[in-house]
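Me: I would like to learn how to read the local features of a model like this one. Could you take me through it step by step?

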Amino acid sequence: MIGANPLDRRTAILGAAGLIGVAATAGLLTPAAPVPPIAPYGLRCHAARRGMSFGCEITSAQVAAGGAAMAAVVAEADMVVPSVEMKWGVTEQVEGRPDYSVAETVAAFAKAHGLRLRGHAGFWYLNLPNWARPELAGPGAEALILARVTDVVGHFKGRVFEWDVVNEAIEPRDNQAGALRLAPFGRPVGAGYIADCFHAAHDADPAAWLFYNDFGVEYDTELEDQRRAGVIGLLRELKRHRAPVHGLGLQSHIGVGRRFNAAKYRAFLAEVAALGLKIRITEFDVADNMAPADIASRDAAVANEARRFLDTAFDERAVEGLLCWGLSDRDSWLRQQHPVRVPADRYPERPLPLDDELRRKPLWQAIATAFDAAPSR
Ligand code: XIL
């Protein structure tokens with residue numbers, strides 16, 4: 001029943017008032033469309049009961065389109081993260097002329113609805129401005145990166161709850177000391193620049209929580225063993241440099257049909273927690289391209305995969321919460337990715353908690369149940 005619970009009441013109020021607020025901020029002259037009914041007791045409520053958080057990735061285009069998809073975000077999430085809008089290749093297309101207007105659309109949505117904002121990402125080897133590429137291959141790389149981190153974190157000072165300061169700096173297949181990624185430098189640069197990025201971010205916004213974020217550390221393969229070791233090694237190195245690193249973001253793009261070793265994953269999380277770091281699952285989705293074709297079996301396989309992963313992850317009290325990379329299947333990045341990576345895949349992927357019509361799926365239930373089963377923080 002809507003209204004019986006204070007959290008549900010908040011949902012209804014924010015849904016009605018807040019969506020209109022964003023339309024007004026965007027300067028739209030047409031009256032705001034009626035707000036569709038908001039489903040009660042979202043994932044954020046299941047998370048909040050355990051002292052945890054639930055959020056999702058959104059885009060500026062989704063914010064501009066508004067409607068039921070954004071009402072669902074407000075119902076389900078307490079935190080949002082922009083997809084590409086804060087990435088360097090978007091914010092500084094012209095050298096020396098940073099333009100945060102697209103990112104501001106997402107920030108305004110978060111503010112209008114009382115959602116925490118994650119910053120993503122200070123430095124990443126992908127989505128770079130074209131003009132920066134040659135400079136990153138030369139001796140001025142570090143100064144350039146530090147200036148970018150200082151600028152973006154400073155721009156959003158006081159508004160971003162938590163930053164992915166550096167994203168995906170580990171790549172064991174590059175065979176470098178510390179498993180550090182060669183791109184975008186094309187030469188070994190060491191971990192010192194990463195420590196400096198954290199110092200720069202801290203100077204630019206001393207109140208923000210600062211995270212290192214990476215992928216491919218969930219499963220039981222030799223490569224993922226190497227990645228886990230690389231990530232732990234980097235975190236230790238950052239601590240040695242007295243870098244203000246507060247947490248590890250685990251992207252957790254998981255998938256059906258892969259080998260998960262709960263004991264190994266548990267030990268990895270415990271090792272991170274023992275360094276005094278927070279942990280957040282930051283980009284969760286469950287690829288179903290290896291699952292059976294019929295939708296009921298696929299959705300069940302996705303939900304099962306999520307449960308075995310999340311039950312293990314949430315057992316670790318340092319894990320503060322979960323963000324999905326998108327909320328509804330219709331917006332999943334995997335629909336663009338996997339037809340390329342897996343040519344045999346001929347059906348639209350269903351990796352997120354809501355289906356194309358924004359209905360809650362078995363994956364939604366699996367996430368809710370995993371929160372319910374988690375020890376309180
Ligand atoms: C993805 C976006 O979702 C896509 O729209 C974009 O084309 C590429 O980047 N790991 C990350 C995210 O840290 O920034 C990526 O986001 C997905 C993988």
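**Reading helices, packing and backbone**

Reply: Gladly, and keep in mind that this is a predicted model. Let's begin with helix 6, residues 101-112: its 12 residues reach 16 Å from the first C-alpha to the last, close to the 16 Å expected at 1.5 Å a residue.

Me: Which residues of helix 6 are buried?

Reply: They are Ala103, Val106, Ala107, Phe109 and Ala110.

Me: Why do the buried residues of helix 6 line one face of the helix?

Reply: The general idea first: an α-helix has 3.6 residues a turn, so residues three or four places apart point the same way. In this case, the buried residues of helix 6 fall within an arc of 155° when seen down the axis, so they line one face.

Me: And what lies on either side of this helix?

Reply: After helix 6 comes Gly114, with a positive phi near 65°. Val94 sits in the loop between helix 5 (88-91) and helix 6.

Me: How many residues apart in sequence are Val94 and Pro129, and how far apart in space?

Reply: They are 35 residues apart in sequence, and their C-alpha atoms are 7.9 Å apart in space. Val94 counts as partly exposed because its relative accessibility is 45%, and that class runs from 20% to 50%.

Me: Can we try the length check on another helix?

Reply: Helix 9, residues 192-204, is a good one: its 13 residues should span 18 Å at 1.5 Å a residue, and its end C-alpha atoms are 18 Å apart, which agrees.

Me: What covers the buried residues of helix 9?

Reply: The buried residues themselves are Tyr193, Ile194, Ala195, Cys197, Phe198, Ala200, Ala201 and Ala204. Their cover includes three strands, namely strand 3 (116-124), strand 4 (162-167) and strand 5 (209-214), along with helix 8 (141-155) and helix 10 (222-240).

Me: How should I describe two helices that pack together?

Reply: Two packed helices are described by the angle between their axes and the distance between the axes. Here, helix 11 (residues 262-274) and helix 12 (residues 295-315) pack at about 35°, with axes 9 Å apart. Their crossing is right-handed.

Me: Which residues of helix 11 and helix 12 meet?

Reply: Helix 11 brings Ala262, Tyr265, Arg266 and Leu269, while helix 12 brings Phe309, Thr312, Ala313 and Asp315. By type, the residues of this contact are five nonpolar, one polar and two charged.

Me: Let's turn to the backbone. Where are the cis peptide bonds you would point out?

Reply: One runs from His120 to Ala121, with omega near -5°, and Ala121 belongs to strand 3. Another joins Ala183 and Pro184, with omega about 5°; Pro184 lies in the loop between strand 4 and helix 9.

Me: Which phi values in that loop deserve a look?

Reply: Two residues other than glycine have a positive phi: Glu168, near 60°, and Asn175, near 55°. Glu168 is in the loop between strand 4 and helix 9, and Asn175 is placed in that loop too.

Me: Is Glu168 buried or exposed, and is Asn175 buried or exposed?

Reply: Glu168 is buried because its relative accessible area is 8%, and buried means under 20%. Asn175, at 67% relative accessibility, counts as exposed, since that class is over 50%.

Technical notes:
Residues numbered from 1 in each chain as written. Predicted model: local features only at pLDDT ≥ 70, side-chain atom pairs only at ≥ 80, totals over all residues. Heavy atoms only, no water. Axes fitted to C-alpha atoms, helices over the stretch in contact; angles between N-to-C directions. Helix = DSSP H or I, 4+ residues; strand = E, 2+ residues; numbered from the N terminus. Left-handed = near helix turned anticlockwise from the far one by under 90°. Contact = heavy atoms within 4.5 Å. Nonpolar A, V, L, I, M, F, W, Y, C, P; charged D, E, K, R; others polar. Expected span 1.5 Å × (residues − 1). Buried < 20%, exposed > 50% of the residue type's maximum accessible area, 1.4 Å probe, protein only. Arc of directions from axis to C-beta.
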